[in-house]
Number of protein chains: 2
Amino acid sequence: MDKKLVPDIVVARLPLYLQTLNRLQQEGEYNTSSKDLGKRIDISAAQIRKDLSHFGEFGKQGTGYSISFLIEKLEDILHVNKVWGMALIGVGFLGHAIANFNGFQNHGFQIKCIFDNDLEKIGTNIGEYVIYDSRNLAEVIQKENIKIAMITVDAEHAQNVANQVVKAGVKAILNYAPVKLIVPKSVQVQNIDPIIELQHMTYYLD
Amino acid sequence: MDKKLVPDIVVARLPLYLQTLNRLQQEGEYNTSSKDLGKRIDISAAQIRKDLSHFGEFGKQGTGYSISFLIEKLEDILHVNKVWGMALIGVGFLGHAIANFNGFQNHGFQIKCIFDNDLEKIGTNIGEYVIYDSRNLAEVIQKENIKIAMITVDAEHAQNVANQVVKAGVKAILNYAPVKLIVPKSVQVQNIDPIIELQHMTYYLD
DNA sequence: TAGATTGTTAATCGATTAACAATC
DNA sequence: TAGATTGTTAATCGATTAACAATC
């Protein structure tokens, strides 16, 4: 079964479903329905059912979905029923914030190593981590078998860093630099860029 | 002319076009084409032309687009030909990083005030700013006529903060908390959530 | 049983692409 | 002029929604 059978736009919604289910569970709920879930995230009940139907039958007529069961299934589908080691490259203010972010735990992710090319920073501590020399990037990433990188370097250096991590075996990049990275098709990239989001919103402002 | 005539998915691409044009200009280019632009950001030339055609005719047959002219037009369309004052609420590591981010300048945005509810932080400096007491949120936002808020508080407090800023007149929220905010339809919200992006990518990893 | 909600089908709606006349 | 590229139309493609039989 080829993965491309599931549209990417559907895949993109699954983490949102998972997030919402986790929240419902925290609130002490045991069951939910496509209607209930949809109301929470402004998505039609039909779309939620259609999305889930790409992967199996997880609900029961009349009663809806078991939250814990659906969480389990979505974690399986998204491959976050394990912990992915991540590399963080670039220790500016943003890199610092991400290194200290404790929200990765319990959602399938863990920072394994942090890099910078600033001699002042290399060897110093950031939280529980030691900052490594960027020149050892490939070596460490390969040795630790890391598949995910978060890039928080300047726009000018981001493509160069991307090239390096890809060469070292990274298959997914979360890119915080405001550049479109060029990578092989086998490598996933998602961008986080506040300017893009802000400008999207100001269109609707006057 | 109702704005809803332009699909939101089209609007969402405009900031990306603008970013790319700015980069081209920095690289010393004066002209570009839908084909050239498209190749840079993996979007078809036809789509770029179609998107732009919602707003006017900005190119010339045979020669394409003047970069500076198209930048000007896109800035007009996105309303970033002015500087939007922004409020930042929540001074954890992430808020700290955003407060020190210098990428807002030149793209239409400027942080005007920063809030926290931690008595240890209130009154201290962060870069050029003084951290205000969250209890004065509404007052300051109204007085400074701020229309955009960036929320970097915990998931548990985000909705409460959103309610306050909306009440104070904010019309656009960049939400870094992993919650779906409930706001009036007249208020724009965009979310930035690394977990969501990472889980989207791990679907394709094995 | 009656009410609720699923998974799925078919219909609708919307977005993307291909093609081309116009023209720089 | 010949080549290139626009803006736009129509065709294609894909995503969302409405509806409903199945069934808990």
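**Close-ups of a protein–DNA model**

**View 1. Ser34 of chain A meets the DNA.** In the side chain of S34(A), an N or O atom sits 2.6 Å from a phosphate oxygen of DNA strand C. That is a polar contact, meaning a pair of N or O atoms within 3.5 Å (within protein, one must be able to donate a hydrogen and the other to accept it, and residues adjacent in sequence count only if both atoms are side-chain atoms). A quick heads-up: this is a predicted model, where local features need pLDDT of at least 70 and side-chain atom pairs count only at pLDDT 80 or more, while totals for chains, interfaces and linings use all residues. Residues are numbered from 1 along each chain as its sequence is written, chains are lettered from A and ligands numbered from 1 in the order in which they are written, and side-chain values use heavy atoms, with hydrogens and water left out.

**View 2. Two more contacts with strand C.** R49(A) has a side-chain N or O atom 2.8 Å from a base nitrogen of DNA strand C. G62(A) uses a polar backbone atom instead, 3.1 Å from a sugar or linking oxygen of DNA strand C.

**View 3. Who surrounds strand C?** There are 25 residues around DNA strand C, and S34(A), R49(A), F58(A), G59(A) and Y65(A) come nearest. Of the strand C atoms within 4 Å of the protein, 66% are sugar and phosphate. To count as near, a residue needs one of its heavy atoms within 4 Å of the strand. Helix 3 of chain B gives the most to this surface, with 4 residues. Helices here are DSSP runs (H or I, at least four residues), as are strands (E, at least two), numbered from the N terminus.

**View 4. Over to strand D.** DNA strand D is surrounded by 25 residues, the closest being S34(B), R49(B), F58(B), G59(B) and Y65(B). Its phosphate oxygens have several partners: a polar side-chain atom of Y65(B) lies 2.6 Å from one, an N or O atom in the side chain of S34(B) is 2.6 Å from one, and a polar side-chain atom of R13(A) lies 3.0 Å from one. Helix 3 of chain A brings the largest share of the surface near strand D, 4 residues.

**View 5. Stepping back to chain A.** The domain assignment splits chain A into domain 1 (3-78) and domain 2 (84-196), with bounds from an automatic or database assignment. Taken over C-alpha atoms, the centres of these two domains of chain A are 30 Å apart.
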